[in-house]
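Hi,

Here is the structure I said I would pass on. Have a look at it first, and then read my notes underneath.

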Amino acid sequence: MGLSAVTVLGVDRPGVIAAVTGSLADCGANIQDSTMTLLGGHVAMMLLVSGDLDSAELLKHLCAPDLVVTASAIEAQRHFCEEGGGLGYVLTVHGPDRPGIISAISAVLAADRGNITGMSTRLTGRLYVLIADVELPKEVDVAALMRRLAAVGASLDSEITFRPVEPDLL
Amino acid sequence: MNGWGGVPWEAPGGHDVLGGRVGTPREVLGAPHPLLSAPAEPVDPTAPEIVAAAADLLATLRRETATTGLAAPQIGLSWRLIAFDAGLHPRSRSWAGELVLANPRLARASHWDPGREGCTSITGLTADVLRASRITVRGHLPGTGEPVTIEADAFEARCIQHQLDHLDGLLFLDRVPGALSLHRRLHSCDA
């Protein structure tokens with residue numbers, strides 16, 4: 001059974017998701033993980049799909065004139081950190097929009113082998129907002145990392161908060 | 001609900017604590033204005049300029065009919081003053097009335113719940129934020145300086161905590177629990 005990464009981009013309208021997922025269901029493909037959002041009036045969707053069809057065959061089933069679709073064979077990767085070994089944090093950046101905010105912030109995290117596991121950025125008016133889920137190796141000096149982030153934030157005229165994830169334990 | 005549109009404000013007890021003063025609505029600052037990221041200063045609730053600021057804050061809140069609360073930094077005053085009136089919000093249960101508090105502080109908080117909220121200073125975005133749904137807040141009434149204690153729950157508690165954050169230079173964006181918790185604002189009831 002193969003695993004494929006599928007991306008779908010199309011102009012936002014009712015029925016895009018139904019068309020894509022319907023095509024996958026028709027050919028017996030199983031959606032393992034997916035995420036979807038709207039970017040500039042476009043549906044942007046990424047799916048991890050398993051099934052008997054390889055990526056080229058999946059692409060044939062998903063081909064539509066109003067959608068940009070890609071499909072690639074992938075192998076499941078081991079998690080970045082050991083199971084349960086990473087520490088979860090939430091990074092928030094907000095300030096005036098300018099080029100280079102993501103690259104500057106992500107470079108600071110990468111220098112400490114911090115892994116961004118989820119990210120959302122929004123521009124609303126003059127305000128640019130970045131929220132990221134970050135996993136840090138246990139040995140990272142978090143206080144020093146926060147100082148480096150604060151320095152980068154100041155250079156971007158942006159406010160940065162970096163705090164541990166608050167798990168909902170029910 | 002106490003008076004709207006230029007009617008002198010009366011506290012819930014019926015005292016005209018602002019001396020009949022009618023405030024002037026001010027512009028609401030939008031992020032990323034630096035004043036919204038700065039801690040606000042404690043105030044003397046009996047000082048004439050603070051009473052005037054309280055009246056302006058209330059007048060601005062009354063004009064901004066889509067919101068249930070404002071903090072002084074949002075109208076350009078870095079003072080510890082908040083105004084709120086959660087009476088009309090569909091998720092409200094408690095209602096302390098239309099109030100302005102000077103130097104408010106959170107005395108007790110419990111029963112934490114996530115809920116979606118927006119901000120008059122941040123157009124177009126909302127987020128799921130964890131807040132206490134039962135709180136006790138202490139502060140002083142502008143004018144007389146009379147100490148007051150507010151017991152609030154549900155949406156009113158969320159609204160008050162949101163305003164208290166403004167006094168500490170925090171936006172709801174600083175409390176977003178994860179990357180998937182930030183949303184485009186689509187519904188007026190998100191505010």
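Below is what I found, going through chain A and then chain B.

One thing to keep in mind before anything else: this is a predicted model.

**Chain A, the sheet with β1 to β4**

Start with the open sheet of four strands in chain A, which runs in the order β2-β3-β1-β4 with antiparallel pairing. Its edges are β2 (30–39) and β4 (67–73) of chain A, each of which pairs on one side only. From one strand to the next, the twist averages 15°.

If you want to look at one pairing in detail, try strand β1 (residues 2–11) of chain A with β4(A): they are antiparallel and share seven bridges. A handy place to find the match is Gly10(A), which stands opposite Leu67(A) in β4(A).

Two helices pack on this sheet. Helix α1 (residues 16–26) of chain A touches β1, β2, β3 (42–51) and β4 of chain A, and its direction makes about 15° with that of β3(A). Helix α2 (residues 55–62) of chain A also packs there, touching β1, β3 and β4 of chain A. The direction of α2(A) makes about 165° with that of β4(A).

**Chain A, the sheet with β5 to β8**

Further along chain A there is an open sheet of four antiparallel strands in the order β6-β7-β5-β8. Here the edge strands are β6 and β8 (159–164) of chain A, and each has a partner on one side only. The twist averages 10° from one strand to the next.

Strand β5 (residues 87–96) of chain A pairs with β8(A) in the antiparallel sense, over six bridges. To find the register, look for Thr92(A), which sits opposite Thr161(A) in β8(A).

Helices pack here as well. Helix α3 (residues 101–111) of chain A touches β5, β6, β7 (127–136) and β8 of chain A, with its direction at about 150° to that of β5(A). Helix α4 (residues 142–155) of chain A lies across β5, β7 and β8 of chain A and runs at about 160° to β8(A).

**Two details on chain A**

Which residues make the nonpolar surface patch of about 220 Å²? They are Ile102(A), Ile116(A) and Met119(A). Of these, Met119(A) lies in strand β6 (residues 115–124) of chain A. Met119(A) counts as partly exposed because its relative accessibility is 42%, and partly exposed covers the range between the 20% limit for buried and the 50% limit for exposed.

The loop between α3 and β6 of chain A holds Arg113(A). Its phi is near 60°, a positive value in a residue other than glycine. With a relative accessible area of 46%, Arg113(A) is partly exposed.

**Chain B, overall**

Now over to chain B, which has two helices and six strands. Along the sequence they come in the pattern α-β-β-β-β-β-α-β. Chain B has 191 residues, and 55% of them count as buried. Its exposed area is about 7900 Å², with 53% supplied by carbon and sulfur atoms.

How much of the contact set in chain B links residues 24 or more positions apart? Such pairs account for 68% of the contacts with a separation of 6 or more.

**Chain B, spots to look at**

Two of my spots are in the segment before α1 (48–63) of chain B, and one of them is Arg21(B). At 38% relative accessibility, Arg21(B) counts as partly exposed. Apart from its neighbours within four places in sequence, Arg21(B) is in contact with Val51(B), Ala52(B) and Ala55(B). For a sense of distance, Arg21(B) and Asp165(B) are 144 residues apart in sequence and 27 Å apart in space, C-alpha to C-alpha.

The segment before α1 of chain B also contains Pro32(B). A cis peptide bond joins Pro32(B) to Ala31(B), with omega at about 10°.

Finally, go to strand β3 (residues 99–119) of chain B and find His111(B). Although His111(B) is not a glycine, it has a positive phi of about 55°. His111(B) counts as partly exposed, at 42% relative accessibility.

Cheers

Definitions and conventions:
Residues are numbered from 1 along each chain as its sequence is written. Chains are lettered from A and ligands numbered from 1 in the order in which they are written. This is a predicted model: local features need pLDDT of at least 70, side-chain atom pairs count only at pLDDT 80 or more; totals for chains, interfaces and linings use all residues. Side-chain values use heavy atoms; hydrogens and water are left out. Patches are made of residues with over 30% relative accessible area and no salt bridge: like charges are joined within 9 Å, nonpolar side chains (Val, Leu, Ile, Met, Phe, Trp, Tyr) within 5 Å. Accessible areas come from the Shrake-Rupley method with a 1.4 Å probe; for residues, only the protein chains shown count as cover. A salt bridge is a side-chain nitrogen of Lys or Arg within 4 Å of a carboxyl oxygen of Asp or Glu. Buried means under 20% relative accessible area, exposed over 50%, partly exposed in between (1.4 Å probe, protein chains only). Contact means heavy atoms within 4.5 Å. Two strands pair if DSSP finds at least two bridges between them. Axes are lines fitted to C-alpha atoms, for helices over the stretch in contact, and angles run from 0 to 180 degrees between N-to-C directions.
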